[in-house]
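Biologist: Could you walk me through this one? I have not looked at it before.

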Amino acid sequence: MHFTSLLTASLLAINSSARPIADPIEMIRQAGPEAGKVITKCSAPGQIALAYDDGPYQYTQKLVDTLTAGGAKGTFFVTGTLYGCIYGQKAALQAAYAAGHQIASHSWSHPQNFGSLSTADLTSQMTRLETALVNIIGKKPTYMRPPYLATGGSVLSTMKTLGYRVITNDIDAGDWNNKSPQQSQQEFTRAGASGNGHIPLMHETYAGTVNTLTPWLINWAKTNNLKLVTVAECLGDPDGAYVNGTGNSQSSC
Ligand SMILES: [Zn+2]
């Protein structure tokens, strides 16, 4: 039986009254961006979503404070173990969440072969981090950025199953590749401020990105009348960044 008609049949079975039912596909569709589809930039102009990978790390709290002081919201794609155990930065993550910055997933251990992992291993990479985030901020994220931006193999189908919106980028700050903050700034200047908002690839694990590039970007955005928003907000999904999840009693990695 076709999936849609099966679903319609089962909905009819549980909804035996005469009132008309909504389109079943519409009913099960997640609000906000579709899961398992690669998103590279915001869905509207006039905004920018500063997005930082690979933390939490020693600069997380500083970055939270800088963004908040600048009237900016940022997005943190965090891992469980890449720069030390996530529980070691519990307070900084809680501060980021409380200040309205977005916490999103960058996998548990940032495996180099993320794009060739099995569905089971990808699922475990995501669910381990979910459990830790429920323990730390009380929610599990619905947004993720794949390590190394790897979207091949079983990545997209698995993220679709798990309900993750897959974010990559439209500007590469190049901080991971030894670019100086000044060279990163040129990437933004070159890309310009028009068109749908940028979602840059940046890393909170470099002092230059936190201390130099971020204040410059906050200014650049203001000069260009861009609102500094989270990734979820810039995709028209301000309330969709998290869902409820199940934690456990763990507090170490
Ligand atoms: Zn990364």
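Modeller: Here is a short tour, beginning with the whole chain and then turning to single helices and residues. Please keep in mind that this is a predicted model.

Biologist: Fine, so how many helices and strands are there in the protein?

Modeller: The protein has nine helices and 14 strands, and of its 253 residues, 40% count as buried. Looking at contacts with a separation of 6 or more, 79% of them are between residues 24 or more positions apart.

Biologist: Let's take H3, then. Which of its residues are buried?

Modeller: Helix H3 runs over residues 60–69, and its buried residues are Thr 60, Leu 63, Val 64 and Leu 67. These four lie on the same side of H3, because the arc they cover around the axis is only 100 degrees. In general, an α-helix has 3.6 residues a turn, so residues three or four places apart point the same way.

Biologist: And what do those buried residues pack against?

Modeller: The buried residues of H3 pack against two strands, S4 (50–53) and S5 (74–78), and against two helices, H4 (90–98) and H8 (207–223).

Biologist: How do H3 and H8 sit, roughly parallel or roughly antiparallel?

Modeller: Their axes come within 10 Å and cross at roughly 15 degrees; angles under 35 degrees count as roughly parallel, and H3 and H8 are therefore roughly parallel to each other. The crossing of H3 and H8 is right-handed, and the contact is made by Lys 62, Leu 63 and Thr 66 on the H3 side, with Val 210, Thr 214 and Pro 215 on the H8 side.

Biologist: What comes after H3?

Modeller: H3 is followed by Gly 71, which has a positive phi, near 70 degrees.

Biologist: Changing topic, which residues touch the most other members of the largest nonpolar core?

Modeller: That core has 59 residues, and those touching the most other members are Ala 49, Leu 50, Ala 51, Ile 103, Tyr 143, Leu 228 and Val 231. Helix H5, residues 119–137, gives the most to this core, with six residues.

Biologist: What does Leu 50 touch?

Modeller: Leaving out residues up to four places away in sequence, Leu 50 touches Ala 72, Gly 74, Thr 75, Pro 200, Met 202, Leu 217 and Leu 228.

Biologist: One last residue: is Gln 186 buried or exposed?

Modeller: Gln 186, which lies in helix H7 (residues 181–191), counts as exposed because it has 12 C-beta neighbours inside 10 Å. Its C-alpha atom is separated by 8.9 Å from that of Ala 173, 13 residues apart along the chain.

Note on methods. Residues numbered from 1 in each chain as written. Predicted model: local features only at pLDDT ≥ 70, side-chain atom pairs only at ≥ 80, totals over all residues. Buried ≥ 20, exposed ≤ 12 C-beta atoms within 10 Å, placed from the backbone. Arc of directions from axis to C-beta. Contact = placed C-beta atoms within 7 Å. Core = buried A, V, L, I, M, F, W, Y, C linked by C-beta atoms within 7 Å. Axes fitted to C-alpha atoms, helices over the stretch in contact; angles between N-to-C directions. Parallel < 35°, antiparallel > 145°, perpendicular 65-115°, else oblique. Left-handed = near helix turned anticlockwise from the far one by under 90°.
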